[in-house]
Amino acid sequence: MSRRKFLTGVLGLSVAPLISPKVRLAAAAIEAPSIVAIQARWRDFLAASAVVASDAAPRNRTPEEWRSKLPREAFDVLFEEDTERPFSSALNDEKRPGIFMCRACSLPLFSTEMKYDSGTGWPSFFTNIPGHLGTKSDFGLIWPRTEYHCLKCGGHQGHIFKDGPALTGERWCNNGLALHFIPFEA
Ligand SMILES: [Zn+2]
């Protein structure tokens, strides 16, 4: 037996049972639909009595109109791209089933199932309700970041980072001031 055949034989015996393609495919098949399922069932977290925007069709208001409808600090985050202090939002610890909607226009953005504790001091999510958030590159700091905002009103929500948990690897780092939480059961 040649050295090459011998090594292949040894590797085949010792490695194949642990990471066979069949096992890899099965793992991928479990992972891929689960994130889609989490996104698809966000309405399961929406209380029957909740009043939210029904779609992401743009709702154009001038900044002055939004200013008159929002607390000053919420307006500054949403329409001046301000950032709240870490650990300052009560939503950081919010774990009840429910929906996090845009504080300005009431468009649902995240379900509790999408939230996790990142330890950063800002409400953090590993994915979002599809079609309700838009992104753009933000060069406000030295390094470029990805900003995201509500598609209905244009209000700034936060930034996306690549250090999130499994499934997506994404951390949608949100300002609590830009959100309003609706518990599934009041
Ligand atoms: Zn909005």
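Residues 4-17 are the part to treat with caution: pLDDT stays under 50 there, and the model has one contact beyond four places in sequence for that stretch. This is a predicted model, and over the protein chain the mean pLDDT is 87, with 82% of residues reaching 70 or more. Here is a quick tour of the rest, from the overall layout down to a few odd backbone spots.

**Overall layout**

- The protein chain has four helices and nine strands, and reading along the sequence gives α-α-α-α-β-β-β-β-β-β-β-β-β.
- Out of 186 residues in the protein chain, 28% count as buried.
- Take the contacts with a separation of 6 or more: 62% of them link residues 24 or more positions apart.

**The six-stranded sheet**

- Six strands make an open, antiparallel sheet, in the order 3-4-8-7-6-5.
- Strand 3 (115-116) and strand 5 (133-138) sit at the edges with a single partner strand each, so each has one side without a neighbour in the sheet.
- Strand 8 pairs with strand 4 (residues 124-125) in the antiparallel sense, over two bridges.
- In that pairing, S124 is opposite C173 of strand 8, and F125 has W172 as its bridge partner.
- Strand 8 also pairs with strand 7 (residues 156-161), again antiparallel, this time over four bridges.
- There, I160 stands opposite W172.
- Side chains in a regular strand alternate between the two faces of the sheet.
- Strand 8 is covered on both faces: R171 and C173 are buried on one side, and W172 and N174 are buried on the other.

**The three-stranded sheet**

- Three more strands form an open sheet in the order 2-1-9, and the pairing is antiparallel here too.
- Strand 2 and strand 9 (179-183) are the edge strands, each pairing on one side only.
- On average, neighbouring strands of this sheet are turned by 30° against each other, direction ignored.
- Strand 1 and strand 9 run antiparallel and are joined by five bridges; within strand 9, I182 is the bridge partner of I99.

**The nonpolar core**

- The largest nonpolar core holds 32 residues, and L78, M101, C102, L107, L109, C150 and A178 have the most contacts inside it.
- Two or more residues come from each of helix 4 (72-80), strand 1 (98-102), strand 2 (108-111), strand 6 (145-150) and strand 8 (171-174).
- Helix 4 is the top contributor, giving five residues to this core.
- A178 is worth a click in the viewer: beyond its neighbours within four places in sequence, A178 is in contact with A74, V77, L78, C102, R103, G155, H156 and Q157.

**Helix 4, inside and out**

- The buried residues of helix 4 are A74, F75, V77, L78 and F79.
- These five cover an arc of only 165° around the axis, which puts them on the same side of helix 4.
- An α-helix has 3.6 residues a turn, so residues three or four places apart point the same way.
- The buried residues of helix 4 pack against helix 3 (63-69) and strand 7.
- R72 and E80 are exposed, on the face of helix 4 turned away from its buried side.

**Backbone oddities**

- Most residues other than glycine have a negative phi, and a few spots in this model go the other way.
- E81, just after helix 4, takes a positive phi of about 55°.
- F87 is not a glycine either, yet has a positive phi of about 60°.
- You'll find F87 in the loop between helix 4 and strand 1, where F87 counts as exposed because it has 11 C-beta neighbours inside 10 Å, and the cut-off for exposed is 12 or fewer.
- L167 is another non-glycine with a positive phi, of about 90°.
- L167 lies in the loop between strand 7 and strand 8, and with 15 C-beta neighbours inside 10 Å L167 counts as partly exposed.

Terms used:
Residues are numbered from 1 along each chain as its sequence is written. This is a predicted model: local features need pLDDT of at least 70, side-chain atom pairs count only at pLDDT 80 or more; totals for chains, interfaces and linings use all residues. A nonpolar core is a set of buried Ala, Val, Leu, Ile, Met, Phe, Trp, Tyr and Cys residues joined through C-beta atoms within 7 Å. A residue is buried if 20 or more other C-beta atoms lie within 10 Å of its own, exposed if 12 or fewer, and partly exposed in between; C-beta atoms are placed from the backbone. Two residues are in contact if their C-beta atoms, placed from the backbone, lie within 7 Å. Two strands pair if DSSP finds at least two bridges between them. pLDDT is the predictor's confidence in each residue, from 0 to 100. The arc is that of the directions from the helix axis to the C-beta atoms. Axes are lines fitted to C-alpha atoms, for helices over the stretch in contact, and angles run from 0 to 180 degrees between N-to-C directions.
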